[in-house]
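Please load the model in your viewer and keep the sequence panel open. The stops below are meant to be selected in order.

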Amino acid sequence: MSFAGPLRRSLIPRTSRTIASRYPCPKRRCFATATSATSEAPREPEGTKEVPMTVGDGGAGTIRPVRQRHGSDRLVFPGAVNSKFTNRLVFRQQDPSKAIDTYRVMDTEGQIIDETHGIDFDNMKEQTLKMYSSMVTVSIMDQIMYDSQRQGRISFYIVNAGEEGIAVGSAAALGEHDTIYAQYREAGVLMYRGYTLDEFMAQCFSNCKDHGKGRNMPIHYSSKKLNFHPISSTLATQLPHASGAGYALKMERTPACAVTYFGEGAASEGDFHAALNIAATRGCPTLFVCRNNGYAISTPTLEQYKGDGIASRGVGYGIDTIRVDGNDTWAVYKVTKEARELAISQQKPVLIEAMSYRVSHHSTSDDSFAYRARVEVEDWKRRDNPITRLRKFMELRNWWDQEKDTQLRQQLRKDVLKAFNNAEREKKPAISKLWEDTYDKPTKDQQSQMQEMKDILERYGEEYDLEGYEGGKNGVVPKR
Ligand SMILES: Cc1ncc(C[n+]2csc(CCOP(=O)(O)OP(=O)(O)O)c2C)c(N)n1
Ligand SMILES: [Mg+2]
C-alpha cells in the first residue's frame with residue numbers, strides 16, 4: 001500500500017526524525033557494525049544479555065547506542081558511558097591547587113601577553129575607540145544616575161563599575177542577530193549595540209518615550225530593535241529563556257546564538273541548573289556569560305559555594321567552559337568570539353565565567369560598607385580597572401592621550417546631562433497604560449479598576465500632579 005511508508009514513518013516522534021535527519025550522526029554506522037559483531041562475541045550467561053540502549057551525545061542532538069559488554073573493564077550504562085571499574089574506595093575531591101585557569105590577552109599595564117590571540121588590532125582602531133567610549137559613557141552615566149537617585153529624581157539605580165569590560169568586550173564580539181537576555185548590570189552591552197542615551201534616560205525616568213511604557217523600575221531596559229529582551233531582576237529567570245531561544249535559533253537554522261548574562265549569585269537558583277542542563281542535552285547554541293564579581297548583594301562568594309567558581313559547574317553539565325579575566329576587555333572579546341563560533345558551528349552551549357570585582361554598592365538600596373571594608377574596595381579600584389587597562393593599551397599604540405581623554409569625558413558628560421534633562425522634563429505615560437498589553441481588550445475587572453481610578457482622580461485630582469501624565473486625568477480612559 002502506498003500509505004505504508006509514510007504511516008510507519010509517522011510512528012517515529014517528529015522531533016527525533018527531523019533532528020536526526022538534520023544532524024546525521026557519523027557514528028550511526030558503528031552501531032550497525034557493533035550489532036553484527038555481537039554474534040561472534042562469547043556467549044553471555046543467561047540474564048546478562050547485552051541490551052542496546054541509546055544516549056544523547058549532548059552535541060547536535062543525535063542519539064547513539066551504548067551497551068554493557070560482558071567482562072568489560074568499564075561501566076557502560078546510559079548514565080555513565082565510560083567509567084572504569086576500580087577496587088579502590090575513594091571519594092573524589094576537588095584539588096584547590098588545580099583551579100580552572102583564567103585566560104588573559106593583556107596584563108594590567110595594557111601589554112599584550114598572549115601573542116597567539118589572533119586579534120587583528122591594526123585594523124581595529126575604530127572598534128577599540130567605540131569599545132572604550134562605550135565603557136566610559138556607562139561609567140559617566142552611572143555617576144550621574146547614582147547621584148540623581150540620591151537627590152530623589154529617580155527611584156532606583158544599579159551601577160556597573162568594575163564590570164564594564166565584561167559587558168562591552170563580549171558585546172563587541174557578538175552579531176546583531178544574536179539575541180540577548182541580561183541580568184541588570186550589563187548596560188555596556190546595550191551601549192555598545194547602539195541603545196541611545198535618550199533611551200536609557202526615558203527608561204530610568206519612566207517617561208512616555210520608554211519602550212516599557214513606564215511600567216518597570218529604572219534600569220529594566222529593553223530593545224526589540226537591538227534583540228535585547230527586557231531585564232527581569234527576578235534572578236535567573238532569563239537563563240531558561242536563553243536556552244529556549246538558542247533552541248529556536250537551531251530549529252530555524254539561523255546562524256546566530258542566544259546570549260545570557262548573570263551574576264554568580266544567580267547561579268545558585270534552580271533556573272541556572274535547568275537552563276544549563278537543557279542547553280547541554282538539546283545542543284542549544286547559547287552562551288552563558290557569568291559575571292563573577294565576588295558578591296551576591298552582601299553574601300561573599302566564599303559563603304555562596306564550595307566548588308571552583310561557576311566554571312566547574314559548566315564542566316559538570318558537559319558544557320565547553322572557560323574562565324576569563326573580566327578586567328581584560330580583549331580577553332573577554334576573544335573568548336566570546338571563539339565561544340560564539342563554537343556555539344553556532346557545533347550547535348552547543350558554552351559557559352564563560354568572567355572574573356571581576358563589584359566596585360559599586362549592589363544597588364542604590366544597598367550600603368556595601370555595612371559588610372565589606374572601604375579599604376578592600378579602594379584596593380581593587382587602585383589595582384585594576386577594565387577602563388584604565390584598555391586606555392593603557394590604546395596609549396601604548398599611540399591611539400590615545402590625556403588630552404583626548406579629557407575631551408571625550410567632557411563631551412560625554414554633556415551628552416548624558418542633556419539626555420537626562422530632556423527625559424526628566426518629558427511627560428509620564430498616560431495612566432491608562434497601566435492596564436495595557438496584558439489582554440487584547442480590557443477585561444471586566446480591569447474596566448472596573450479603571451472606573452475606580454477615574455472616580456478617585458475626579459474626587460482627589462488636586463492631590464496628584466496629573467499634568468505630568470499624558471492626557472492628564474483623562475489619560476485613564478481606556479482605549480476600546
Ligand atoms: C529570585 C530572586 N531572589 C532574590 C532576589 C534578590 N536579589 C537581587 S540581586 C541579588 C544578588 C544577586 O547576585 P549576583 O547574581 O551575583 O549579581 P550581582 O548583583 O553581583 O551583579 C539578590 C539576592 C531577586 N531579585 N530574585
Ligand atoms: Mg555577584
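Helices and strands here are DSSP runs, numbered from the N terminus, with at least four residues for a helix and at least two for a strand. The model is a predicted one.

**Whole chain**

Start with a cartoon of the whole protein, which has 16 helices and 11 strands. Of its 480 residues, 36% are buried. Among contacts with a separation of 6 or more, 72% join residues 24 or more positions apart.

Next, colour by confidence. The average pLDDT is 88, and 85% of the residues score at least 70. Select residues 1-61, where the pLDDT is below 50; this stretch has 49 contacts in the model beyond near neighbours in sequence. Where pLDDT is low, the predicted coordinates should not be read in detail.

**Ligand 1**

Select ligand 1 and the 15 residues around it; those that come nearest are Leu-235, Gly-263, Gly-265, Ala-266 and Ala-296. Which classes make up this shell? It has five nonpolar, six polar and four charged residues.

**Helix α8**

Now select residues 238-252, which form helix α8. Its 15 residues reach 21 Å from the first C-alpha to the last, close to the 21 Å expected at 1.5 Å a residue. Show side chains for the buried residues of α8, among them Leu-239, Pro-240, Ala-242, Tyr-247 and Leu-249. Gln-238 and Lys-250 are also buried in this helix. Which elements do the buried residues of α8 pack against? They pack against the strands β5 (179-181), β6 (258-263) and β7 (286-292), and against helix α9 (270-282). Step just past the end of α8 to Arg-253, which takes a positive phi of about 60°.

**The largest nonpolar core**

Select Leu-287, Cys-290 and Ile-352. Of the 89 residues in the largest nonpolar core, these three touch the most other members. Centre on Leu-287: leaving out residues up to four places away in sequence, Leu-287 touches Cys-257, Val-259, Thr-336, Ala-339, Arg-340, Ala-343, Val-350 and Ile-352.

**Helix α7 and its cover**

Move to α7 (197-204). Six of its eight residues are buried, so α7 is largely enclosed by the rest of the structure. The buried ones are Glu-199, Phe-200, Met-201, Ala-202, Gln-203 and Cys-204. Show α4 (125-150) and α15 (402-425) as well, since what covers the buried residues of α7 includes both.

Within α15, pick Phe-420. Is Phe-420 buried or exposed? It counts as buried because it has 22 C-beta neighbours inside 10 Å, and the cut-off for buried is 20 or more. Phe-420 touches Met-201 and Ile-144, not counting residues up to four places away in sequence. From Phe-420 to Ile-144 is 276 residues in sequence, but 8.8 Å in space, C-alpha to C-alpha.

**The loop between α7 and α8**

Follow the chain on from α7 to Ser-206, whose phi is positive, near 50°. Ser-206 lies in the loop that leads to α8 and counts as buried because 22 C-beta neighbours fall inside 10 Å. Leaving out residues up to four places away in sequence, Ser-206 touches Gly-214 and Lys-428.

Ile-219 is found in this loop too, between α7 and α8. The C-alpha atoms of Ser-206 and Ile-219 are separated by 9.9 Å, with the two positions 13 residues apart along the chain. Ile-219 is not a glycine, yet has a positive phi of about 75°. Ile-219 counts as buried because it has 23 C-beta neighbours inside 10 Å.

**Ile-297**

Select Ile-297, in the loop between β8 (295-296) and β9 (299-300). Its phi is positive, about 50°, although it is not a glycine. Ile-297 is partly exposed because 14 other C-beta atoms lie within 10 Å.

**Lys-392**

The last stop is Lys-392, in helix α14 (residues 386-396). Lys-392 counts as partly exposed because it has 17 C-beta neighbours inside 10 Å. What does Lys-392 touch, not counting residues up to four places away in sequence? It touches Glu-109 and Gly-110. Measure from Lys-392 to Glu-109, C-alpha to C-alpha: the two are 6.2 Å apart in space and 283 residues apart in sequence.

Conventions. Residues numbered from 1 in each chain as written. Chains lettered and ligands numbered in written order. Predicted model: local features only at pLDDT ≥ 70, side-chain atom pairs only at ≥ 80, totals over all residues. Near = placed C-beta within 6 Å. Nonpolar A, V, L, I, M, F, W, Y, C, P; charged D, E, K, R; others polar. Expected span 1.5 Å × (residues − 1). Buried ≥ 20, exposed ≤ 12 C-beta atoms within 10 Å, placed from the backbone. Contact = placed C-beta atoms within 7 Å. Core = buried A, V, L, I, M, F, W, Y, C linked by C-beta atoms within 7 Å. pLDDT = per-residue confidence, 0-100.
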